[in-house]
Amino acid sequence: MTGSGGETLSNLLHEERRFPPPPELADAANATAADYARADADRLAFWAEAAGRLEWARPFDEVLDWSRAPFARWFTGGRLNAAYNCLDRHVAAGLGERVAFHWEGEPGDTRTITYAELTAEVCRAANALRALGVRTGDRVAVYMPMIPETVVAMLACARIGAPHTVVFGGFSADALRGRILDCDAHVVITADGGYRRGKPSALKPAVDEAVRECPDVRSVLVVRRTGQEVDWTDGRDVWWHDLVDAQPAEHEAEAFDSEHPLYIMYTSGTTARPKGILHTTGGYLTQVAWSHWAVFDVKPDRDVFWTAADIGWVTGHSYIVYGPLANGVTSVMYEGTPDTPHQGRWWELVEKYRVSILYCAPTAIRTFMKWGADVPAQFDLSSLRLLGSVGEPINPEAWVWYRRYIGSERCPVVDTWWQTETGAQMISPLPGVSVCKPGSALRPLPGIAADVVDDTGTPVPDGAGGYLVLTEPWPGMLRTIWGDEQRYVDTYWSRFPGLYFAGDGAKKDEDGDIWLLGRVDDVMNVSGHRISTTEVESALVSHPRVAEAAVVGAADPTTGQGVVAFVILRGDGAAPGTDGSAGADEVAAELRSHVAREIGPIARPRQILLVAELPKTRSGKIMRRLLRDVAENRALGDVTTLTDSSVMDEIRERLPSGGTGSAAGGAGAEEA
Ligand code: WTA
């Protein structure tokens, strides 16, 4: 389906602001323009060199075997151990006293863990897993809060070649059970609970409930974190401190084949059962190590790096655990929520640990915008030198806010596009090279080949939109969907033969730079124009009163679909209609004309609802599918992946019965 302009996706929003790299950063940058040239000249030689960032027990014979495409094998014949590469070799190099993690619990308790200490703890845990009968190749499920033992558990699995599957601690017993059964894990590592929003939040009961119907789970290893009451099944449950602490701190790390499975990470499709994305060892570790070094420009002896994400997501796997540790970097790890006990908690941590590089999601940035710039202004953020964003398209206004109020107009912002499936960053600026454009991930990293194509798989010209594809295999790519090769082929390699279909819409601007436009299922079709929800959302967020917006297309008798926007106002703006300021109807009218001015009348929302919260997945992505159900007056679909299901009830209450215009009553952002 194409729009009236013949394009697959209309290219509407224009952004003129440009931010060149700071000269001091450019002068000392890890990655330079020469990296693009080298990779363009010989992609495989480039990756072979990047693999030199790791220590191989046996060198590889061939960089890439693509003879069974789309099933790739990278660095064939090579052997290595991922945990050894993240730990022992740094200790052997004399860096044992370097801090691996400054960990901060939500209640304010802290732990400082050096590389030597982490290595010893991982060795003990590896011995403990062996004692529980875990063999190389067995899967181990990990269901944990954000505590150091989570990193230890993952690396202990990697050390003995037992692929881990980390299930985010916010998921239900059902979700956990489905994942345990799908990958046939026989051992589960968990904790009594973790701290969230100022109180202990239990995990063990969900494990108990999940494994009741997993007959093959024989051991549950439990970390004591909160000290809360737990039910105990003798013979199955084991305390971490009883078993792990008693083990020797020595463990010989065996080298595994480069293609040995490292982990399975489940990612939800929109409807169907979750897909177990399989990552293997050599290629994955090469790309996360290289990208972490290049995109964040890390200087391991100086920087303090912080990925503010949960380890239960791929971002945590690649940029809390494997990337930073492979590079021997010092990281911050924080257990809790950003507003506990106050809305400045993150900035307090940046000040306390002198964080120099911060990586987080647009949803967090928009939340901080909503809370207001005076919150970060109370802290010393002068240690920061680089900011990153991941997980969703970042609206230009959020990008500029992040750079101004967190980065003091000094720090480059790298918008990094990638997926669970890609394993590592794929499209991103290089901070010492690229002239950044707010809202654009710019171009594929060296060694990566991507394009934007139309319905027929033909590359679109500059200035046009379409589907994002990856045109060459890359080292960190998923190898398959666990237990379902056909689904792997069907999902990613069948839409456009020979190309990896990412499921995202994108456009190329006049310079050929790439702008991500959200999942293709989120595209609207208004009077034959295919309009990206991302662009309308960015237009809304560019209005000074708006903190966050979610846009969906709802069935419309005249235009096919009409644009419906759900909007959260900024914290410093008063609640419409409550204090003599503009009422909800006026605000909605103003925003509708604002979008028409910014993008064009075609994108003018048919309806604007002011809301206090938006439905989000646990990784912070807006669930537009549910908003579409609301906008079309349907019963809600599956809400099991929603963080807080009461959000939807509230939004429904705001819905005027049938009418257009703003929600009756209006909602103040203060309620959020
Ligand atoms: C979206 C997270 C725009 C995209 C690492 C992708 C982005 C999905 C960006 C993968 C970005 C991620 N700009 N969109 N910088 N980064 N996405 O698997 O839709 O949780 O397909 O991996 O997030 O989400 P996942």
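## Packing of helices α6 and α7, and a pocket

In this predicted model, the axes of helix α6, spanning residues 115–131, and helix α7, spanning residues 148–160, come within 8 Å and cross at roughly 65°. The crossing in which α6 passes α7 is right-handed. On the α6 side the contact involves Leu-118, Glu-121, Val-122, Cys-123, Ala-125, Ala-126, Leu-129 and Arg-130, which meet Val-152, Leu-155, Ala-156, Cys-157, Arg-159 and Ile-160 of α7. By class, this contact of α6 with α7 has eleven nonpolar and three charged residues, with no polar residue.

Arg-124 also has its place in helix α6. With a relative accessible area of 23%, Arg-124 is partly exposed, because that value falls between the 20% under which a residue is buried and the 50% over which a residue is exposed. Leaving aside residues up to four places away in sequence, Arg-124 touches Val-244, Asp-245, Gln-247, Pro-248 and Ala-249. The C-alpha atom of Arg-124 is separated by 48 Å from that of Pro-20, a residue 104 places apart from Arg-124 along the chain.

Turning to the pocket, the second largest one holds about 210 Å³ of space. Its lining is made up of 13 residues, and those that lie nearest the centre of the pocket are Pro-22, Glu-24, Leu-25, Asp-297 and Arg-385.

The table sets out the residue classes of the two groups.

| Group | Nonpolar | Polar | Charged |
|---|---|---|---|
| Contact of α6 with α7 | eleven nonpolar residues | no polar residues | three charged residues |
| Lining of the second largest pocket | six nonpolar residues | no polar residues | seven charged residues |

Notes
Residues are numbered from 1 along each chain as its sequence is written. This is a predicted model: local features need pLDDT of at least 70, side-chain atom pairs count only at pLDDT 80 or more; totals for chains, interfaces and linings use all residues. Side-chain values use heavy atoms; hydrogens and water are left out. Axes are lines fitted to C-alpha atoms, for helices over the stretch in contact, and angles run from 0 to 180 degrees between N-to-C directions. Helices (H or I, at least four residues) and strands (E, at least two) are DSSP runs, numbered from the N terminus. A crossing is left-handed if the near helix is turned anticlockwise from the far one by less than a right angle, and right-handed if clockwise. Contact means heavy atoms within 4.5 Å. Ala, Val, Leu, Ile, Met, Phe, Trp, Tyr, Cys and Pro count as nonpolar, Asp, Glu, Lys and Arg as charged, and the others, Gly among them, as polar. On a 1 Å grid over the protein atoms alone, a cavity is a set of points where a 1.4 Å probe fits but cannot get out, and a pocket is an open set with protein on both sides within 12 Å along at least five of seven lines; lining residues have an atom within 4 Å of a point. Grid points are joined across faces, edges and corners, and a volume is the space filled by probe spheres set on the points. Buried means under 20% relative accessible area, exposed over 50%, partly exposed in between (1.4 Å probe, protein chains only).
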